[in-house]
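Could we walk through this model together, one question at a time? Here it is to look at first.

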Amino acid sequence: QKCQTYLYTAMILATTQMSMQFNPVVAYLFLFAFTLLERGKPFWAITLILISGFCKIYGIFELALLLCYPKFWRNILFTVTLAFSSSCRWSASSRRA
């Protein structure tokens with residue numbers, strides 16, 4: 001199942017590489033996050049998923065990948081904490097400008 005997910009995202013990446021948009025970068029972030037989850041580094045994987053989610057809204061759908069990995073609630077806690085802290089920093093910096 002994991003191999004099928006990887007192959008599916010690799011095909012999406014291959015079709016978007018000729019595009020002049022930001023989509024290939026989001027696809028690379030997803031593949032790198034997938035690799036980090038496989039290596040047991042969920043904190044960095046969630047960080048990359050949130051970065052791609054803040055760049056393009058469909059990056060948020062990558063969070064569904066967390067359902068397939070152990071320690072689901074810990075990963076959700078990481079996600080909520082990182083999203084909250086980065087959105088607070090963003091709103092504080094936009095108020096100063």
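**Helices and aromatic rings**

Author: Happy to start with helix H3 of this predicted model. Within H3, the buried residues are Pro42, Ala45, Ile46, Leu48, Ile49, Leu50, Ser52 and Gly53.

Reader: Thanks! How far apart are the end C-alpha atoms of H3, and what should its 14 residues span?

Author: The expected span follows from a rise of 1.5 Å a residue, which gives 20 Å for the 14 residues of H3. The end C-alpha atoms agree with that, as their separation is also 20 Å.

Reader: How many aromatic pairs does a search of the whole structure find?

Author: Rings of Phe, Tyr and Trp count as a pair if their centres lie within 6.5 Å. Searching the whole structure on that basis gives 3 aromatic pairs.

Reader: What kind of pair do the rings of Phe43 and Phe78 make?

Author: A pair of aromatic rings is described by the distance of the centres and the angle of the planes. For Phe43 and Phe78, the centres are 5.7 Å apart and the planes stand at 85°. Planes over 60 degrees apart count as edge-to-face, so the pair of Phe43 and Phe78 is edge-to-face.

Reader: Which helices hold Phe43 and Phe78, and how many residues apart in sequence are the parts that the pair ties together?

Author: Phe43 belongs to helix H3, residues 42-55, while Phe78 belongs to helix H4, residues 72-96. The pair therefore ties together parts whose separation in sequence is 35 residues.

Reader: Are Phe43 and Phe78 buried, partly exposed or exposed?

Author: Partly exposed covers the range between 20% and 50% relative accessible area. Phe43 has a relative accessibility of 35%, and Phe78 has a relative accessible area of 26%. Phe43 therefore counts as partly exposed, and Phe78 is likewise partly exposed.

Reader: Which residues do ring pairs link into a cluster?

Author: Phe43 and Phe78 form an edge-to-face pair. Ring pairs link these two with one further residue into a cluster, and that residue is Trp44.

Reader: And Trp73: is this residue buried or exposed?

Author: Trp73 forms an edge-to-face pair with Phe72, at 5.0 Å centre to centre and 70° between the planes. Phe72 is partly exposed at 25% relative accessibility. Trp73 has 68%, so this residue counts as exposed.

Reader: Where is Tyr58, and what is the area of the nonpolar surface patch it helps to make?

Author: Tyr58 sits in the loop between H3 and H4 and is partly exposed, at 36% relative accessible area. Together with Ile57, Ile60 and Phe61, Tyr58 makes a nonpolar surface patch of about 460 Å².

Methods:
Residues are numbered from 1 along each chain as its sequence is written. This is a predicted model: local features need pLDDT of at least 70, side-chain atom pairs count only at pLDDT 80 or more; totals for chains, interfaces and linings use all residues. Side-chain values use heavy atoms; hydrogens and water are left out. Rings of Phe, Tyr and Trp (its six-membered ring) pair if their centres lie within 6.5 Å; planes under 30 degrees apart count as stacked, over 60 as edge-to-face and the rest as tilted. Helices (H or I, at least four residues) and strands (E, at least two) are DSSP runs, numbered from the N terminus. Buried means under 20% relative accessible area, exposed over 50%, partly exposed in between (1.4 Å probe, protein chains only). The expected span of a helix is 1.5 Å times one less than its number of residues. Patches are made of residues with over 30% relative accessible area and no salt bridge: like charges are joined within 9 Å, nonpolar side chains (Val, Leu, Ile, Met, Phe, Trp, Tyr) within 5 Å. Accessible areas come from the Shrake-Rupley method with a 1.4 Å probe; for residues, only the protein chains shown count as cover. A salt bridge is a side-chain nitrogen of Lys or Arg within 4 Å of a carboxyl oxygen of Asp or Glu.
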